[in-house]
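Trainee: I should like to go through this structure with you, one part at a time. May I put my questions as they come?
Mentor: Please do; let us bring it up first.

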Amino acid sequence: SIPEAKLVSIQVWDAGNISLIEKGIHESGLNLNPQTEGSIIRIVMPELNEERRQELAKTAAKYAENSKISIRNVRQDGMNLLKRLHHANNYTDDEQRELADKIQNLTNEVIKSIETLSLNKEEEIKKV
C-alpha cells in the first residue's frame with residue numbers, strides 16, 4: 001500500500017520471506033532502503049534529483065531493451081517452427097512467406113510500441 005506520497009508499505013504474509021524480500025529490494029539497483037517492523041516492510045522513496053532521474057531513465061531503457069530482445073527471441077522461435085513445418089510439407093512456399101511476413105510485421109509493431117512507451121516513460125521520469 002501507499003500510505004503517504006513518498007512511502008511504500010509491504011505487508012508480508014509469510015514471515016519467512018521477509019529477509020528474502022528485503023534482499024531483493026536492496027539488490028534491485030534502485031537504491032532503496034527497506035525498514036522492517038514485524039511483518040511490515042516500509043520503503044521511504046528518496047527525492048528525485050537530476051542524477052537520480054538520469055539513473056531511473058537508464059533503468060527504464062534497460063528494461064525496454066530486454067523486452068525487445070525477448071520479443072525478437074519469440075520471433076526467432078516462431079520462424080524456426082514455421083521452417084520446420086514447411087520442411088514437413090505442412091505449408092507451401094507462398095504460405096510460409098506470408099506467415100513469416102505476418103510474424104515479422106507483428107514483431108515490428110510490438111517493438112515500436114515498446115520504444116514509444118519507453119520514450120514516454122523516460123520523458124516522464126526526466127520531467128521536474
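Trainee: How far apart should the ends of helix α2 be, given its 38 residues, and what does the model show?
Mentor: This is a predicted model. At 1.5 Å a residue, α2, which covers residues 50-87, should span 56 Å, and its end C-alpha atoms are indeed 56 Å apart, so the two values agree.

Trainee: And α3, what is its reach from the first C-alpha to the last?
Mentor: Helix α3 has 34 residues and reaches 49 Å, which is close to the 50 Å expected at 1.5 Å a residue.

Trainee: How do the axes of α2 and α3 cross?
Mentor: They come within 9 Å of each other and cross at roughly 175 degrees. That angle is over 145 degrees, which means that α2 is roughly antiparallel to α3.

Trainee: What kinds of residues make up that contact?
Mentor: The contact of α2 with α3 has 15 nonpolar residues, eight polar ones and 10 charged ones.

Trainee: Which residues of α2 are buried?
Mentor: Towards the start of the list are Arg-52, Arg-53, Leu-56, Ala-57, Thr-59 and Ala-60. Ala-64, Lys-68, Met-79, Leu-82 and His-86 are buried as well. What covers the buried residues of α2 includes α3, residues 93-126.

Trainee: Which ones are buried on the α3 side, and what do they pack against?
Mentor: The buried residues of α3 are Gln-96, Ala-100, Thr-107, Ile-111, Ile-114, Ser-118, Glu-122 and Ile-125. They pack against α2.

Trainee: Why would spacings of three or four places matter in a helix?
Mentor: An α-helix has 3.6 residues a turn, so residues three or four places apart point the same way. In α3, the buried residues include Ile-111, Ile-114, Ser-118 and Glu-122, which you may inspect with that in mind.

Trainee: What comes after α2 in the chain?
Mentor: α2 is followed by Asn-89, which is found in the loop between α2 and α3. The phi of Asn-89 is near 65 degrees, a positive value in a residue other than glycine. For background, most residues other than glycine have a negative phi.

Trainee: Is Asn-89 buried or exposed?
Mentor: Asn-89 counts as exposed, because its relative accessibility is 68% and the cut-off for that class is over 50%.

Trainee: Changing topic to the strands: in what order do they lie in the sheet?
Mentor: Three strands form an open sheet in the order β1-β3-β2, with antiparallel pairing. The edge strands are β1 and β2, each of which pairs on one side only. From one strand to the next, the twist averages 25 degrees.

Trainee: How many bridges join each edge strand to β3?
Mentor: Five bridges join β1, residues 7-11, to β3, and four join β2, residues 34-37, to β3.

Trainee: Which residues stand opposite Ile-41?
Mentor: Ile-10 stands opposite Ile-41 in β3, and so does Thr-36. Elsewhere along β3, Glu-37 stands opposite Ile-40, and Pro-34 stands opposite Ile-43.

Trainee: Which side chains of β3 are buried?
Mentor: Along β3, residues 40-44, Ile-41 and Ile-43 point to one face and are buried. Ile-40, Arg-42 and Val-44 point to the other face and are not buried. In general, the side chains of a regular strand alternate between the two faces of the sheet.

Trainee: What is found between β2 and β3?
Mentor: The two strands form a hairpin with two residues between them, and Gly-38 takes a positive phi near 70 degrees there.

Trainee: One last region: where is Asp-14?
Mentor: Asp-14 lies in the loop between β1 and α1, the latter being residues 18-26. Its relative accessibility is 45%, so Asp-14 counts as partly exposed. Asp-14 and Ser-39 are 25 residues apart in sequence, and their C-alpha atoms are 8.1 Å apart in space.

Trainee: And Ala-15, how far is it from Leu-99?
Mentor: Ala-15 and Leu-99 are 84 residues apart in sequence and 50 Å apart in space, C-alpha to C-alpha. Ala-15 is found in the loop between β1 and α1, and Ala-15 is exposed, with a relative accessible area of 56%.

Conventions: Residues numbered from 1 in each chain as written. Predicted model: local features only at pLDDT ≥ 70, side-chain atom pairs only at ≥ 80, totals over all residues. Heavy atoms only, no water. Expected span 1.5 Å × (residues − 1). Buried < 20%, exposed > 50% of the residue type's maximum accessible area, 1.4 Å probe, protein only. Contact = heavy atoms within 4.5 Å. Axes fitted to C-alpha atoms, helices over the stretch in contact; angles between N-to-C directions. Parallel < 35°, antiparallel > 145°, perpendicular 65-115°, else oblique. Nonpolar A, V, L, I, M, F, W, Y, C, P; charged D, E, K, R; others polar. Pairing = 2+ DSSP bridges.
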